[in-house]
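The following paragraphs offer a guided reading of one protein model. Please keep the sequence and the coordinates at hand while reading.

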Amino acid sequence: MSEKITGGQLVVKVLESLGVTHVFGVVGGQTLAITDAIIDTPSIEFVHTRHEGAAAAMADAYGRLTRRPAVAIATTGPGATNLLTGVGGAFRDSSPAIIITCNNHGENIHKDDAQNADHVQIFAPFTKYARLVAHGSAIKQAVEEAYINAMTGNPGPVHLDFARDTIEQVVDNPPALPRMHPSRSWVGHRPVPAPKQISAAAQRLLAADKPVIWLGNGGNRARAADAVLDLADALNIPVITTFNGMGAVPTTHPLVFGALSRMGTNLTTRVIGESDLVLALGNSLNAVSTGRWRLRLPEVIQVDIDPAMIGRYYADVTTGVVGDLAAFSNDLVAATADRATEAKSKRSGWIQSLQQAEREWWDLSASLEPENEGTISPAVVVRALRDVTPTDTVLIPDAGNPGVWSFLWEMEKPYRYIKPVGFGNMGFALPASIASVSAEPDRPVLALIGDGSLGMSLGELETLARRGGPVVIVVLNDSSYGNIRQEQVLHFNGRTIGVDFHDVDFAQVARGMGLAAERVTDVNDLVATVKDAFASSQPFVIDVVLDRAANAWTYPAFVPFEAAAPTPRQDAD
C-alpha cells in the first residue's frame, strides 16, 4: 500500500480482505476511526443497534446462519461490557464472530481514564482468542490470527481490543492486502477420521441391534444433514438431536424423531432408552442434553472435530473418533455396504414401533382448546403456524419456553433454526432476526419471543423497522417470565415471586416504533394474520395473548418416556 491510512482504515481493509460483510454495533468516541472507514467500504454494511448486547447477538446469529464471522463493535467500558452476554452466547453455542472493542489511548489503558476497563481480561473467558492491539504494525497480524481462531476447529467468537491512538494514527508502511485473503481458502477444511477408526466403528455398528444417532450442534456447523441421513437410511438407524442440534436434519424425514434435552421429549427419551449403541455426532454430551449427566447411556462412539470434547463425560463407555462428522458418516456408509441389507432388516421392527410411537406422540399435542377463554395455548401457536409459514423460513425461538414449545415445529429443510442454548441468553431472537435478513434480505424469518425476552430487547424493534425485511415476530405473551413461573408453581406449592408483569400490548408498542402489528386472542385470527404478514414481506409483530395454564414442565408430550427414566426427571433443570 502506498497511500497513507490510519490504523482504523487498515482494520477495515483487513476485514474486507477476509470476507467480512457486516458490522453490528453502537458507535462511541473510541470507535470512530474504524466506523468512519466503513463509510468508504461499500462491501461492508454497518447496522447500528439500540444496545451493544443486541449487536453481539446479531454477530452470533450471523455466524450460525452463514458460518462466516460478522463483527460486533463497541466503545470502552460500559459499551464493551454490554456486549458480554451476547458474546457468551456465541461462545457456548460455537458461533464464529469477531468482537471489537475500542479502548482509550494506549498510554492511559489501566489508568483512571474515562470508562476504563480491562477488556481483554473481561472477554478472555468467553472467547477463543483475546488480545490488546497497541501498535499499528500489529493490526494486520492480529486480525488475521483472530479470524483463523474464529473459523478453525470448533468455531467461536474472538476478541480484539484496539488502543484509540493505534487506530487513529497513520500507519507507517501499511502492508499490502490481497482482494481475497488466502486464509479464506482453507479455514473451512476439516480433518478426516482415520481409516482404522472407521473400520472399528463399522463393526460395532453392524453388531448393534438398536443403535441411535444422537446429532449435536456439530451437525449444524459441519452442514452434515445429507451425510447423516445417508447413514441412517443405509442402516435403518433412528436419528435424534440435541436441543442445540435442532435444525441439523429435517424433522420430516421418517428416521428423525426430534430432540432430546431438558424438557423432552416423551418420544426421544424412548429412542435413547431402548438403544444399545449411541453414535454421538458433534454432540458434547453436556448437561443440557443429559439432565446433568443423570441420563444412563449404553456404549458410545463419540465423533468430534475437537478432541478435547471426546470422553469429557461418559468416558467409561466412550470410544472417540476425531474428525469431521460428515466425512465419518460417508466413510461409514462405504465401510458397511456389504452387510447393510442384513443390518437394515434386523432393525425394521424397532423402527416401525418408533414410527408408531411418533404418530401417538403427535396426538398428544393435537388439542386446540385453551383452558382459559380468550387466550391461545402455546402448543397451538406452534402447530398452527407451521401451516402458514414458508418452507424456507428461519425459525428463531428465544430462550425459555419459546424454545421448548418449538419441539412441536417441523422442518423440511435443515439449517433454518437457531436459538440460544448453552448460555440461555434472553433477548436473542429479535436481534437474531435482524441478522438473518441482513445476511439474506429475502429469506423469511419467524421469531417466537416471550414477553420477558422482548422486554430485554425492545429497543431493537426500531432497528428492525429501519432494517426491514420479511420478519414476523410472534410474542408469546403470558405477562410473566413464564418458564420460571411454571417451575415455581410446580415445585414451590404454587408460590411465585418476581415473575409477573402488568399486561403490555406489544402490538401497540411496536406500532409506536414504526412496525405493522396486531394483537390476537384466537387461533384463526393468528393464522390469518401470520399469512398476511408473510405475504407483505415487511416486518410484522403479532402479540399473542397466551394461556397461562399451559405448563411446559408437565406437558404430556414433553414428560420423559417411563422406560427411559431410571432416575426422577432426567430433564429437570
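Does Tyr555 count as buried or exposed, and at what relative accessibility? The model is a predicted one, and in it Tyr555 has a relative accessibility of 14%. Buried means under 20% relative accessible area, so Tyr555 counts as buried. Phe558 is likewise buried, its relative accessible area being 1%.

These two residues also interact through their rings. A pair of aromatic rings is described by the distance of the centres and the angle of the planes. For Tyr555 and Phe558, the centres lie 5.1 Å apart and the planes enclose 55°, which makes the aromatic pair tilted. Both residues belong to one aromatic cluster, together with Phe243, Trp405 and Phe407. Phe243, a member of that cluster, also has the charged end of Lys419 over its ring, 3.8 Å from the ring centre. A further cation of this kind is found at Tyr415, where Arg223 lies over the face of the ring at 4.6 Å from its centre.

The model holds 10 aromatic pairs in total. One of them joins Trp361 and Trp362 in an edge-to-face arrangement, with 4.9 Å from centre to centre and 70° between the planes. Trp361 and Trp362 are both buried.

Attention now turns to the strands. Strands of a sheet pair through backbone hydrogen bonds, either parallel or antiparallel. An open sheet is formed by 6 strands with parallel pairing, and their order is β9-β8-β7-β10-β11-β12. At its edges are β9 (256-259) and β12 (318-322), each of which pairs on one side only. From one strand to the next, the twist averages 20°. Within this order, β7 (residues 211-215) and β8 (residues 239-241) pair in the parallel sense over 3 bridges. Trp214 stands opposite Ile240 in β8.

Helix α10 (residues 225-235) lies across β7, β8, β9 and β10 (277-281), and it runs at about 170° to β7. Its buried residues are Ala225, Ala227, Val228, Leu229, Leu231, Ala232 and Leu235. Just after α10, Asn236 adopts a positive phi of about 55°.

Another parallel pairing occurs later in the chain. Strands β16 (residues 516-520) and β17 (residues 540-545) are paired in the parallel sense over 5 bridges. Arg519 has Asp543 in β17 as its bridge partner. Between the two strands, the chain passes from β16 through helix α23 (residues 523-536) to β17, and this β-α-β crossover is right-handed.

The last stop is Asp161, which is located in strand β6 (residues 157-162). How is the burial of Asp161 expressed as a relative accessible area? The value is 2%, and Asp161 is therefore buried. Leaving aside residues up to four places away in sequence, Asp161 touches Thr101, Cys102, Asn103, His119, Val120, Arg131, Leu132 and Val133. As for Ser453, it is separated from Asp161 by 292 residues in sequence and by 29 Å in space, C-alpha to C-alpha.

How values were computed
Residues are numbered from 1 along each chain as its sequence is written. This is a predicted model: local features need pLDDT of at least 70, side-chain atom pairs count only at pLDDT 80 or more; totals for chains, interfaces and linings use all residues. Side-chain values use heavy atoms; hydrogens and water are left out. Two strands pair if DSSP finds at least two bridges between them. Helices (H or I, at least four residues) and strands (E, at least two) are DSSP runs, numbered from the N terminus. Axes are lines fitted to C-alpha atoms, for helices over the stretch in contact, and angles run from 0 to 180 degrees between N-to-C directions. Contact means heavy atoms within 4.5 Å. Rings of Phe, Tyr and Trp (its six-membered ring) pair if their centres lie within 6.5 Å; planes under 30 degrees apart count as stacked, over 60 as edge-to-face and the rest as tilted. Buried means under 20% relative accessible area, exposed over 50%, partly exposed in between (1.4 Å probe, protein chains only). A charge sits over a ring if NZ of Lys or CZ of Arg is within 6 Å of the ring centre and within 35 degrees of the ring normal. A crossover is right-handed if, with the strands pointing away from the viewer, the path from the first strand over the helix to the second runs clockwise.
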